[in-house]
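Student: Could you take me through a model step by step, giving the general idea for each feature before the particular case?

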Amino acid sequence: MAEKRNEYSESIGCQIIKQDDVTQEGLSGLKSCPPDGLVWRLAICSSHALYSMGGAKSFAHVWFEFVQELRYRWENSLRIPG
């Protein structure tokens, strides 16, 4: 029986772990934000909506509500928490 061959190259994956010294070039694809900040909370809510609450429709609703809240706060000169 033929052995099943892996379709993916070994180069796909986390290249940072495979490198001995981590350079700025190795980290260029990663993005970060402070914990409990606005972007962090949006990322958590978005990923929850995408993977636990129904996919794209759920994410679209979260994004719509987020943008509506930002508009309201911008137009009324209110602080954005986070």
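Student: Is Ser77 buried or exposed, and what is its relative accessible area?

Tutor: This is a predicted model, and a residue is called exposed when its relative accessible area is over 50%. Ser77 has a relative accessible area of 68%, so it counts as exposed. Ser77 lies in the segment after α3, and its phi is positive, about 50°, although Ser77 is not a glycine.

Student: Which other residue has a positive phi although it is not a glycine?

Tutor: Asp36 has a positive phi of about 65° and is not a glycine; its place is in the loop between α1, residues 15-18, and α2. With a relative accessible area of 46%, Asp36 is partly exposed. A glycine also belongs in this discussion, since α2 is followed by Gly54, whose phi is positive, near 125°.

Student: How many helices and strands does the protein chain have?

Tutor: The protein chain has three helices and zero strands, and from the N terminus on its elements run α-α-α.

Student: How should I read the length of a helix, and what span does α3 have?

Tutor: One compares the distance between the end C-alpha atoms with the span expected at 1.5 Å a residue. For the 20 residues of α3 that expectation is 28 Å, and the end C-alpha atoms are 28 Å apart, which agrees. Helix α2, residues 38-52, has 15 residues and reaches 21 Å from its first C-alpha to its last, close to the 21 Å expected.

Student: Which residues of α2 are buried, and why are they on the same side of α2?

Tutor: The general idea comes from the helical repeat: an α-helix has 3.6 residues a turn, so residues three or four places apart point the same way. In α2 the buried residues are Leu42, Ser46 and Ala49. They cover an arc of only 65° around the axis, which puts them on the same side of α2. The face of α2 turned away from this buried side carries Tyr51 and Ser52, which are exposed.

Student: What covers the buried residues of α2?

Tutor: The cover includes α3, residues 56-75. One residue to examine there is Ser58, which lies in helix α3 and is buried, with a relative accessible area of 12%. Leaving aside its neighbours within four places in sequence, Ser58 is in contact with Ala49 and Met53, and Ala49 is itself among the buried residues of α2.

Student: How far apart are Trp63 and Ala49, in sequence and in space?

Tutor: Trp63 and Ala49 are 14 residues apart in sequence, and their C-alpha atoms are 9.9 Å apart in space. Trp63 is found in helix α3 and is partly exposed, with a relative accessible area of 42%.

Student: How can I look for empty space beside the protein atoms, and how much space lies in the largest pocket?

Tutor: Rolling a probe the size of a water molecule over the atoms shows where empty space is left. In this model, about 240 Å³ of space lies in the largest pocket.

Student: Which residues line the largest pocket, and which element supplies the largest share of the lining?

Tutor: The lining consists of Leu38, Arg41, Leu42, Cys45, Val62, Glu65, Phe66, Glu69, Leu70, Arg73, Ile80 and Pro81. The largest share, six residues, comes from α3, while α2 and α3 each supply at least two residues of the lining. Leu42 appears in this lining and is also one of the buried residues of α2.

Student: To finish with the whole chain, what percentage of its residues count as buried, and what is its accessible surface?

Tutor: Of the 82 residues of the protein chain, 10% count as buried. The accessible surface comes to about 7,800 Å², and 58% of this surface belongs to carbon and sulfur atoms. For contacts, one can ask how far along the sequence the partners lie: among contacts between residues at least 6 apart in sequence, 22% join residues at least 24 apart.

Methods:
Residues numbered from 1 in each chain as written. Predicted model: local features only at pLDDT ≥ 70, side-chain atom pairs only at ≥ 80, totals over all residues. Heavy atoms only, no water. Helix = DSSP H or I, 4+ residues; strand = E, 2+ residues; numbered from the N terminus. Expected span 1.5 Å × (residues − 1). Buried < 20%, exposed > 50% of the residue type's maximum accessible area, 1.4 Å probe, protein only. Arc of directions from axis to C-beta. Contact = heavy atoms within 4.5 Å. Areas by Shrake-Rupley, 256 points an atom, 1.4 Å probe, with all protein chains shown as cover. 1 Å grid on protein atoms, 1.4 Å probe; cavity = no way out; pocket = protein on both sides within 12 Å on 5 of 7 lines; lining within 4 Å. Points joined across faces, edges and corners; volume = space filled by probe spheres on them.
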